[in-house]
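This briefing goes through a protein structure and its ligand, topic by topic. Please keep the sequence and the 3D view open while reading.

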Amino acid sequence: MTTHPSQSWYILGAGAVGGLWAHAMQTWDLEVTILTRSEEQHLSLQAQGLRLTQGNDTHTSHPKSLFPGLGLDSIQNLLVCTKTYATVAAIKTWRKLLHPQANIVLLQNGMGTAQSLQAELPQANIYCATTTDGAWRQGPWQVVQAGQGGTQIGAFSPHLNLRTAPNIIANLINQSQQQAGSLKVQWHEDIVTPMWHKLAINSVINALTAIYKVTNGALIEHPQGRPRLEQLCQETENVMSRCHITPIPHGLLQQALRVLKQTADNKSSMLQDCLAGQPSELDAINGFIIQQGAILHLPCAAHKQVCSDLREQYPTA
Ligand code: KPL
């Protein structure tokens, strides 16, 4: 049976979170195609399949894949899980196949990408998503689910209805609710609020864990890290309040400490990127806070200091 293109999903950026979603969508009986960077990646995925480890169970699935230049598909539904800094360029690679009014869901850390993407693709229906699901990449096409959280999706493009999910996303939400143990997805009428809350958490944790090369839990009592965490929390909350963002319940510091405890053994995504010699999401996270602060004449000195400390240690960051 061939699925109508309007019901098929394409995934760009099949790292840890993208892999998790590729697997979930297949269990929801959706047709999924992974957009790979090269023919080599496409062939390796086709040869070995996508492996997902959840606790003691490992499942291998065999999603379709495409590489740039291959295929005449019309991409109508695209889930983007690339790093923020790579997103616009990666989407441009697929522009010929992308329907002008495609539904594009951005599921990534940081802020700022949706605005840039909308400027490139004015007719696209852009949605943003934020997740607390944890996953890490064990190797090529091998993903380990580290913890079960949830994903919130909401409309970003000004021409979209904020209140209700379109059918294609409502279908994801229904499927996620019907299957126990599956990813949990919800619609959010004001996605900017949970995105800001996630950004705030990332802005006070990620860079510090990379600077001190510690797991999340070790930041809690770190002699230099803990006072800096507290300063960052104050600056971020100041920017949020001046931007009229709903405050985080119980305050950012309490929430950050809770996340650090819950993910105590994890290495933050920024520490992982820096250790791998890859670019980091510093600009889309701390850089975004500094940029918003500058508009409001807030100096954000602690954020500026973590940016310069991180870049001194990791030139690729
Ligand atoms: O989202 C995260 C990340 O590493 O990017 C946190 C919440 C810090 C968990 O590691």
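**Loop residues with positive phi**

W141 sits in the loop that links β9 (134-139) to β10 (142-147). The model is a predicted one. The points below take up residues with positive phi, then the ligand shell, two helices, and three residues in loops or after a helix.

- W141 is not a glycine, yet its phi is positive, near 60°. W141 counts as buried because its relative accessible area is 9%, under the 20% limit.
- C300 belongs to the loop between α10 and α11. C300 is also not a glycine, and its phi is positive, about 50°. With a relative accessible area of 4%, C300 is buried.
- H244 follows α7 and has a positive phi, near 60°.

**Ligand shell**

- The ligand is surrounded by N109, K198, N202, I205, N206, N216, V259, S268 and S269.
- By class, the shell holds six polar residues, two nonpolar ones and one charged one.
- Helix α6 (residues 192-211) supplies four residues, the largest share of the shell.
- Three asparagine side chains each place a polar atom by a ligand oxygen: N216 at 2.9 Å, N202 at 3.0 Å and N206 at 3.1 Å. On its own the ligand has 280 Å² of accessible area, and the protein covers 84% of that.

**Helix α7**

- Helix α7 covers residues 225-242, which makes 18 residues. At 1.5 Å a residue the expected span is 26 Å, and the end C-alpha atoms are 26 Å apart, so the two values agree.
- The buried residues in α7 are G225, R228, L229, L232, C233, E235, T236, V239 and M240.
- Cover for these buried residues comes from elements including α6, α8 (252-262), α10 (282-295) and α11 (301-313).

**Helix α11**

- For the 13 residues of α11, a rise of 1.5 Å a residue gives an expected span of 18 Å. The end C-alpha atoms of α11 lie 19 Å apart, which agrees with that value.
- In α11, the buried residues are A302, H303, V306, C307, D309 and L310.
- Among the elements that cover the buried residues of α11 are α6, α7, α9 and α10.

**L298, between α10 and α11**

- L298 is placed in the loop between α10 and α11.
- The relative accessible area of L298 is 17%, so L298 is buried; the limit for that class is under 20%.
- Leaving out residues up to four places away in sequence, L298 touches N238, V239, R242 and G293. V239 is itself one of the buried residues of α7.
- L298 and E235 are 63 residues apart in sequence, while their C-alpha atoms are 8.5 Å apart in space. E235 is also among the buried residues of α7.

**S280, between α9 and α10**

- S280 is located in the loop between α9 (269-275) and α10.
- A relative accessible area of 6% makes S280 buried.
- The S280 side chain comes to 3.2 Å from the backbone nitrogen of L282.
- Beyond neighbours within four places in sequence, S280 contacts Y85, M270, D273, C274, L310, T316 and A317. One of these, L310, is a buried residue of α11.

**T316, after α11**

- T316 lies in the segment that comes after α11.
- Is T316 buried or partly exposed? T316 is partly exposed, because its relative accessible area is 40%, and that class lies between 20% and 50%.
- Not counting residues up to four places away in sequence, T316 touches G277, Q278, P279 and S280.
- Two backbone oxygens lie by the T316 side chain: that of Q278 is 3.3 Å from a polar atom of the side chain, and that of G277 is reached at 3.5 Å.
- T316 and H42 are separated by 274 residues in sequence and by 27 Å in space, C-alpha to C-alpha.

Key. Residues numbered from 1 in each chain as written. Predicted model: local features only at pLDDT ≥ 70, side-chain atom pairs only at ≥ 80, totals over all residues. Heavy atoms only, no water. Near = heavy atom within 4 Å. Polar contact = N/O pair within 3.5 Å; in protein donor to acceptor, adjacent residues only side chain to side chain. Areas by Shrake-Rupley, 256 points an atom, 1.4 Å probe, with all protein chains shown as cover. Helix = DSSP H or I, 4+ residues; strand = E, 2+ residues; numbered from the N terminus. Nonpolar A, V, L, I, M, F, W, Y, C, P; charged D, E, K, R; others polar. Expected span 1.5 Å × (residues − 1). Buried < 20%, exposed > 50% of the residue type's maximum accessible area, 1.4 Å probe, protein only. Contact = heavy atoms within 4.5 Å.
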